[in-house]
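This report is meant for a reader who is meeting the structure for the first time. It begins with the whole chain and then turns to chosen places along it.

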Amino acid sequence: MTVFGVHAGLQNTTMRDLIDVWHHAESLGFGWVSVWDHFFAADASGGAECFEAVAAHAALACETSTVTCGCLVYSIGYRHPAVLANAIATIDHLSGGRADLGLGAGWHQGEYDAYGIPFPSAGVRLDQLDEAAECVRGLLRQETTTFDGRYFQLRDARCEPRPVQAEIPIWVGGGGERKTLRTVARFADGWNVPFVSPEEFARKHAVLRRHCEEVGRDPTEIRCAVNVALAWKDQDLVEQFDGLADFFRPAALTGSDEEARDKVGRYVDGGADQVNIALRAPFNADALERAAAAIGVETVGTADRLSGL
């Protein structure tokens, strides 16, 4: 069954508007809602109006009752994996067992530089991601974890109280075919890639399957998700993404309802188990309702949804 989600950006908005989006997505029947991890706007504006991810993730957990609560994705350069694991375990309790954890190598150098956070080469950041994924997997699923890596070390480390879920799903975000997708194959329960065309998604999905074969992993154990933009009109794309609109256009649900439904179908045919509609302020409630109807999101009662978990 395809899961449909809403990924709401934390920039240039108010907490009231974010909470309204979360509530609206849940009421429309979306099964997933997520936040992101940035300190500055995730665009070329240089703006710094953006809520912090862990606090927003916790608020999401408290403000919803049925959806999976995720973050796509926490940048490993911002928090030690043990600190992050404890935060997610707490969020799992706040949500009653609905938290997912997403990890990424980070990319927005401007916010690293502004805060004096080291921004090493892509190769180093990807190595850190690989170690962090192994660390959080141990902390969230084992009574104690010892790890001796180049970047992170744990000594009989514990994460208590234990999460509500026996195995909080761990997602790794990114499309790097040599290292990121190999980390997914080794340690992740889910893979997320944002804003690629259906054809590019299918190609990367095939690469992931090859990595799974190499490490002896059953690829069906990994949920595969894509983030898509929503822009029924071209102006909607420009309002959300400004000068980066052309970059997001190949992955936008746009045009007619039938065109949007066809694009989602092509992602699913290419291996997507989950399709997330990525929204940025100004949020458009009518556009989201239209999308939900077009792609087949169905509103279900809370009891029905919980019985299917």
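Two residues are said to be in contact when heavy atoms of theirs lie within 4.5 Å. With that meaning of contact, the packing of helix 1 can be described: its buried residues pack against strand 1 (3–8), strand 2 (32–35), helix 2 (53–63), strand 12 (274–279) and helix 11 (285–295). The model shown here is a predicted one, and what follows should be read as a description of that model.

**The chain as a whole**

The protein chain holds twelve helices and twelve strands. Its C-alpha atoms fill a box of roughly 55 × 45 × 40 Å along the principal axes. A compact globule of 309 residues would have a radius of gyration near 19 Å, and the 18 Å of the protein chain agrees with this. Of the 309 residues, 55% are buried. When contacts between residues at least 6 apart in sequence are considered, 70% of them join residues at least 24 apart.

The accessible surface of the chain comes to about 13,000 Å², and carbon and sulfur atoms account for 51% of that surface. As for charge, the chain carries 28 positive and 44 negative side chains, while the centres of these two sets lie 5 Å apart.

**Helix 1 and its surroundings**

Helix 1 covers residues 15–28, which makes 14 residues, and from its first C-alpha to its last it reaches 20 Å, close to the 20 Å expected at 1.5 Å a residue. Which of its residues are buried? They are L18, I19, V21, W22, H24, A25, E26 and L28. An α-helix has 3.6 residues a turn, so residues three or four places apart point the same way. The helix is followed by G29, whose phi is positive, near 105°.

On the other side of helix 1, in the loop that runs between strand 1 and helix 1, lies N12. This residue is not a glycine, yet its phi is positive, near 50°. N12 counts as partly exposed because its relative accessibility is 40%, which falls between the cut-offs of 20% for buried and 50% for exposed.

**Other backbone features in loops**

A positive phi in a residue other than glycine is also found at F195, where the angle is about 60°. F195 has its place in the loop between strand 9 (190–194) and helix 7 (198–215), and with a relative accessible area of 14% it is buried.

Two cis peptide bonds can be described as well. One joins L72 and V73, with omega about -15°, and V73 is found in the loop between strand 3 (68–71) and strand 4 (74–75). Another joins E160 and P161, with omega about 0°, and P161 is found in the loop between strand 7 (153–157) and strand 8 (170–173).

**Places along the sequence and in space**

The table sets out three pairs of residues, with their separation along the chain and the distance between their C-alpha atoms.

| Pair | Separation in sequence | C-alpha distance |
|---|---|---|
| R186 and W232 | 46 residues | 38 Å |
| A185 and D218 | 33 residues | 8.7 Å |
| A48 and Q11 | 37 residues | 8.0 Å |

Helix 6 (residues 180–187) contains R186, and A185 lies in helix 6 too. Is A185 buried or exposed? With a relative accessible area of 1%, A185 is buried, whereas R186, at 39% relative accessibility, counts as partly exposed. Leaving aside neighbours within four places in sequence, A185 is in contact with L208, H211, C212, V215, R217 and I222. Under the condition that neighbours within four places are again left aside, R186 is in contact with D130, E134, V215 and R217. V215 and R217 thus appear among the contacts of A185 and among those of R186.

A48 is found in the loop between strand 2 and helix 2. At 46% relative accessibility, A48 counts as partly exposed. Not counting residues up to four places away in sequence, A48 touches F39, F40 and A41.

Definitions and conventions: Residues numbered from 1 in each chain as written. Predicted model: local features only at pLDDT ≥ 70, side-chain atom pairs only at ≥ 80, totals over all residues. Heavy atoms only, no water. Helix = DSSP H or I, 4+ residues; strand = E, 2+ residues; numbered from the N terminus. Rg over C-alpha atoms; globule rule 2.2 N^0.38 Å. Buried < 20%, exposed > 50% of the residue type's maximum accessible area, 1.4 Å probe, protein only. Areas by Shrake-Rupley, 256 points an atom, 1.4 Å probe, with all protein chains shown as cover. Lys, Arg positive; Asp, Glu negative; His and termini not counted. Charge placed at Lys NZ, Arg CZ, Asp CG, Glu CD. Expected span 1.5 Å × (residues − 1).
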